[in-house]
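Student: I have a new model on my screen and would like to learn how to read it. Could you walk me through it, one feature at a time?

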Amino acid sequence: MILIVDDNQNNIYSLKKLLESKDFQVDTANSGEEALGKALKNSYALIILDVQMPGMDGFEVAETFSGYSKTKEIPIIFLSAVNTDKRFITRGYASGGIDYVTKPIDPEILLLKVKTFYHLQENNLAMKKTQQSLELEVKGRRESQVTMKSEIDHFHLLLEALPQIAFTLTKDGVINFVNNKWYQYSNSEHEFPETHPDDHIIQDEFERCRKKGQALQLETRLKNLESGEYRYHLLRMSPVYEGNNVKNWVGTFTDIDDQKKVEKEKDEFLSIASHELKTPLTSIKAYMQLLDRKLKLDNKNAESVYVAKALSQVEKLNSLISDLLDVSKIENGKLKINKKPANLENLIHNTIDIILQTNENSSVKIERHIGKIERLIPFDEIRIEQVLINFLTNAIKYSPENNHVIVTTFVDEDEVKVSVTDFGIGIPDFKQDAVFHKFYRVEESSLQFQGMGIGLYICSEIIKQHNGTIGLSSKVEEGSTFYFTLPLN
Ligand code: ADP
């Protein structure tokens with residue numbers, strides 16, 4: 001909008017008409033004082049200011065405008081009939097005007113000037129607006145940078161307070177922060193600590209997981225820089241996601257060396273104890289068998305029943321100790337698998353017979369669903385029998401109300417799958433994976449049923465060594481199906 005300031009109504013009228021004919025919006029003031037009031041209230045792109053006015057003259061008005069931040073930038077064109085003198089024109093410019101037009105006015109020239117200054121001012125204002133919004137954005141960015149930095153500092157402080165070695169990496173896998181404990185194991189914040197030559201190379205393992213965006217967890221021995229001693233650590237590296245993309249990685253090394261030592265001592269004790277128990281037990285078993293035979297020959301009925309019972313308990317003890325020995329063999333990597341081409345169908349058949357004989361007095365019913373295996377496949381007969389016996393005894397043991405068991409074989413191009421289904425107590429979903437862990441027993445059933453929680457652990461190790469898979473599906477109160485697979489070749 002343009003403001004015309006003149007004490008002469010006729011001048012205002014003709015100027016207003018002229019400007020409005022060119023689509024300019026126009027406001028008017030009859031005196032310097034009124035102009036000042038309006039200029040402070042409204043926004044004008046240009047002021048056309050008469051010099052000779054009663055009260056404040058044009059120059060005084062312009063000088064006052066230059067004192068207010070709101071008005072000081074508005075361009076002013078002075079209109080004057082009298083003061084054509086150079087002196088006055090100079091004062092006009094000095095008081096803040098940008099042009100000086102003397103009367104009589106040439107309307108075309110005035111319009112040209114108005115147009116030019118009007119557009120200049122508009123551009124000026126637009127530029128200022130852009131500048132202001134840029135300044136705002138810069139300010140906003142600076143503020144968010146400060147907040148981000150303080151958040152990162154806070155996060156680093158937390159990592160510093162952890163008892164573990166803690167570090168972070170960029171999304172590309174470059175280490176960008178390590179806490180102080182890091183330096184007990186590495187000289188450089190850019191390099192992972194040195195690991196035992198027999199352990200995994202951390203960088204390689206991490207790259208493998210990074211490409212898939214998957215967390216990494218592994219046990220490794222790190223070399224302490226001061227003592228030169230290797231200590232077991234649990235390494236965990238997790239991706240931090242922003243939407244669907246990995247933003248960065250956070251990692252920790254937790255010292256588990258003491259825990260590992262205790263575990264090792266326990267394994268050693270287990271190994272020694274089971275070895276030491278096995279030898280006298282084997283002799284007891286042999287003598288009991290001799291006694292059993294003798295009593296049967298002599299027809300001493302009452303005693304032979306006692307001896308047979310004692311013998312079956314010895315048999316149980318023997319199998320418990322054998323299991324403990326197997327566990328220690330697994331721990332030491334000494335569980336040997338002796339694979340030979342054999343007939344799996346015969347093995348399943350014979351194992352079912354053994355189970356039925358040992359459960360002669362109960363109402364166990366084992367149903368067989370046969371998938372035809374047309375050739376011999378390579379496996380360790382003793383060990384696979386051990387797996388099947390374990391599945392079947394568990395199926396019977398954990399089904400106190402229903403002794404119906406189904407053994408199914410399913411063959412496809414690459415593998416054979418053997419499953420044992422029962423209709424017993426079942427296992428809750430979230431505990432199903434754990435049943436293959438060493439010494440794990442489902443809490444709800446552990447008091448009611450005897451066991452050590454190692455049978456399935458040994459089974460999974462045996463199947464792993466056959467390059468097969470082991471698993472289960474189960475529903476509480478409905479029953480379970482345990483299965484294993486063996487590759488055909
Ligand atoms: P154990 O039977 O000697 O405890 P296992 O390793 O054979 O040890 O089994 C581990 C645990 O898995 C058992 O303690 C039991 O809680 C659960 N389990 C195994 N088989 C079954 C089954 N057929 N039905 C329900 N629970 C089972």
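**Reading the model step by step**

Tutor: Let's start with the domains: the assignment divides the protein chain into domain 1 (2–128), domain 2 (163–255), domain 3 (260–331) and domain 4 (340–487). Keep in mind that this is a predicted model.

Student: How many Å separate the centres of domain 2 and domain 3?

Tutor: Taken over C-alpha atoms, the centres of domain 2 and domain 3 are 47 Å apart.

Student: Now the strands, please. How do β8 and β9 run, and how many bridges join them?

Tutor: Here is a general idea to begin with: in a regular strand, side chains alternate between the two faces of the sheet. In this structure, β8 (residues 216–223) and β9 (residues 230–242) run antiparallel and are joined by eight bridges. To see one bridge, find Thr 220, whose partner in β9 is His 233.

Student: What do β8 and β9 form, and which residue in the turn has a positive phi?

Tutor: They form a hairpin with six residues between the strands, and Gly 228 in the turn has a positive phi of about 75°.

Student: And how does β9 pair with β10?

Tutor: β9 pairs with β10 (residues 245–255) in the antiparallel sense, over 10 bridges. Ser 238 is a good place to look, as its bridge partner in β10 is Val 250. These two strands form a hairpin as well, with two residues between them, and Gly 243 in the turn has a positive phi of about 65°.

Student: Let's turn to the ligand. How many residues surround it, and which are the closest?

Tutor: A residue counts here if one of its heavy atoms lies within 4 Å of the ligand. By that rule, 21 residues surround the ligand, the closest being Asn 394, Tyr 398, Asp 422, Arg 441 and Leu 456.

Student: Which backbone atoms should I look at around the ligand's oxygen atoms?

Tutor: Try three residues, looking at a backbone N or O atom in each. For Leu 456, such an atom lies 2.8 Å from an oxygen atom of the ligand. For Val 442 the distance to a ligand oxygen is 3.0 Å, and for Met 452 it is 3.1 Å. As for cover, the ligand has 520 Å² of accessible area on its own, and the protein covers 97% of that.

Student: Which elements give two or more residues to the shell around the ligand?

Tutor: They are α10 (381–397), α12 (455–465) and β17 (479–487). α10 gives the most, with three residues.

Student: What kinds of residues make up that shell?

Tutor: The shell divides into 10 nonpolar, eight polar and three charged residues.

Notes. Residues are numbered from 1 along each chain as its sequence is written. This is a predicted model: local features need pLDDT of at least 70, side-chain atom pairs count only at pLDDT 80 or more; totals for chains, interfaces and linings use all residues. Side-chain values use heavy atoms; hydrogens and water are left out. A polar contact is a pair of N or O atoms within 3.5 Å; within protein, one must be able to donate a hydrogen and the other to accept it, and residues adjacent in sequence count only if both atoms are side-chain atoms. Accessible areas come from the Shrake-Rupley method with a 1.4 Å probe; for residues, only the protein chains shown count as cover. Helices (H or I, at least four residues) and strands (E, at least two) are DSSP runs, numbered from the N terminus. Ala, Val, Leu, Ile, Met, Phe, Trp, Tyr, Cys and Pro count as nonpolar, Asp, Glu, Lys and Arg as charged, and the others, Gly among them, as polar. Two strands pair if DSSP finds at least two bridges between them. Domain bounds come from an automatic or database domain assignment.
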